[in-house]
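I opened a fresh notebook page for this one. My plan is to go through pockets, helix packing, ring pairs and backbone oddities.

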Amino acid sequence: MPGPIFDTHAHYTSRQFSADREAVLAGLPAQGVVGVCEQSTHSGTAAQALALARRYDWMVCAVGIHPESLIEEDAATRTVYGGDWRAELKAMEPLFADPKTVAVGECGLDHHWPIPAEEQYALFEAQIRLALELDKPIVVHDREAHAEVYELLKKYKPKGVLHCYSGSADDALWIARQGMLIGFGGSCTFKGAKRAVKAIQALGLESIVLETDCPYMAPEPVRGSRCDSGMIRHVGEFIAQHKGVSADEVFRITCQNAHILYGLK
């Protein structure tokens, strides 16, 4: 059995787990999973994520507003708050006081979808400031928005993790030197993921954490299936091959990194 596996970024509140969520989660410890951080994307999923984290000793959660929630029709950001993310973030304050809430996120910038640039920038900046105020790490989403994301990371120097890293090896190094961790999941195993491989080779294991973004981005050789935390074993083994170390060492060090990242014992 591989492990210890810590999945630093999961979405078990997704509808894709509606039919068998409890069975999937109950089966994770037998696969070597010792920790999962459930990510929220708006106030609706934040409450669900926290409720889920309270049910399992080995699960924690991040609370925040994803940039896509500004345009998604079924996100509470729009259905409850009419797009007023400031009011939504204010209403979410009690959730951050719960000991199971260990980070601010998932938040960041996304230029893949037609999300208003100025509004999502302001939302991301507000959540960085909130993370600094709360002394919590931030979980950063960066899709086709490297320049603006890096601008804010350099300005505020938050602690946290850059999730699903897709930048260059050189950028990964300065981000790590600044104190952030770099998250790699199933996408780094894809045949076209040359930049991710170069970043993995350049970084020390002390700067890397593992993730799934499940139910999305299942790794090779199970690409295309619904992802879950047990599949991280493929990611750990892939990284081990490119670092010239054992998979056990990858799992051990990245698990330690995750505990430090989220302030866990």
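A pocket here is an open set of grid points with protein on both sides within 12 Å along at least five of seven lines, and a lining residue has an atom within 4 Å of a point. I keep in mind that this is a predicted model.

**Entry 1: second largest pocket**

I began with the second largest pocket. Its lining consists of Leu89, Lys90, Glu93, Phe96, Ala126, Leu130, Glu133 and Leu134. I read its volume as about 160 Å³. Which elements supply at least two residues each of this lining? I found α4 (85-91), α5 (93-96) and α6 (117-134). The largest share comes from α6, with four residues. By class, I noted five nonpolar and three charged residues, and no polar ones.

**Entry 2: largest pocket**

Next I looked up the largest pocket. What volume does the largest pocket have? I get about 990 Å³. Its lining has 33 residues. Nearest the centre I listed His11, Thr41, His66, Glu68 and Tyr216. Two or more lining residues come from each of α2 (43-55), β5 (138-143) and α9. I then sorted the lining by class. The split is seven nonpolar, 16 polar and 10 charged.

**Entry 3: helices α9 and α10**

Since α9 had come up in the pocket lining, I checked its packing. I took helix α9 as residues 194-202 and helix α10 as residues 232-243. Their axes come within 9 Å. The crossing angle is roughly 65°. Is the crossing left-handed or right-handed? I recorded α9 and α10 as a right-handed crossing. From α9, I listed Val197, Ile200 and Gln201 in the contact. From α10, the contact residues are Phe238, Ile239, His242 and Lys243. I classed the contact residues as four nonpolar, two polar and one charged.

**Entry 4: aromatic pairs**

I searched the whole structure for ring pairs. How many aromatic pairs does the search find? The search returned five. I followed up one of them, phenylalanine 6 with tyrosine 262. The ring centres are 6.3 Å apart. Why is this pair counted as tilted? The planes stand at 35°, and tilted covers what is neither under 30 degrees nor over 60, so the pair is tilted. I then placed both rings along the chain. Phenylalanine 6 is in strand β1 (residues 5-10). Tyrosine 262 is in the segment after α11 (247-261). The pair links distant parts of the chain, 256 residues apart.

**Entry 5: cis peptide bonds**

I turned to the backbone. Most peptide bonds are trans, and most residues other than glycine have a negative phi. I looked for exceptions to both.

One cis peptide bond joins cysteine 214 and proline 215, with omega about 15°. Another joins glutamate 220 and proline 221, with omega about 10°. Where is proline 215 found? I traced proline 215 to the loop between β8 (208-210) and α10. Proline 221 is also placed in the loop between β8 and α10.

**Entry 6: positive phi**

I noted glutamate 144, which is not a glycine yet has a positive phi of about 60°. Glutamate 144 is in the loop between β5 and α7 (146-156). I also noted lysine 157, another non-glycine, with a positive phi of about 50°. Lysine 157 is in the loop between α7 and β6 (160-162).

Methods. Residues numbered from 1 in each chain as written. Predicted model: local features only at pLDDT ≥ 70, side-chain atom pairs only at ≥ 80, totals over all residues. Heavy atoms only, no water. Axes fitted to C-alpha atoms, helices over the stretch in contact; angles between N-to-C directions. Left-handed = near helix turned anticlockwise from the far one by under 90°. Contact = heavy atoms within 4.5 Å. Nonpolar A, V, L, I, M, F, W, Y, C, P; charged D, E, K, R; others polar. 1 Å grid on protein atoms, 1.4 Å probe; cavity = no way out; pocket = protein on both sides within 12 Å on 5 of 7 lines; lining within 4 Å. Points joined across faces, edges and corners; volume = space filled by probe spheres on them. Phe/Tyr/Trp six-rings, centres within 6.5 Å; stacked < 30°, edge-to-face > 60°.
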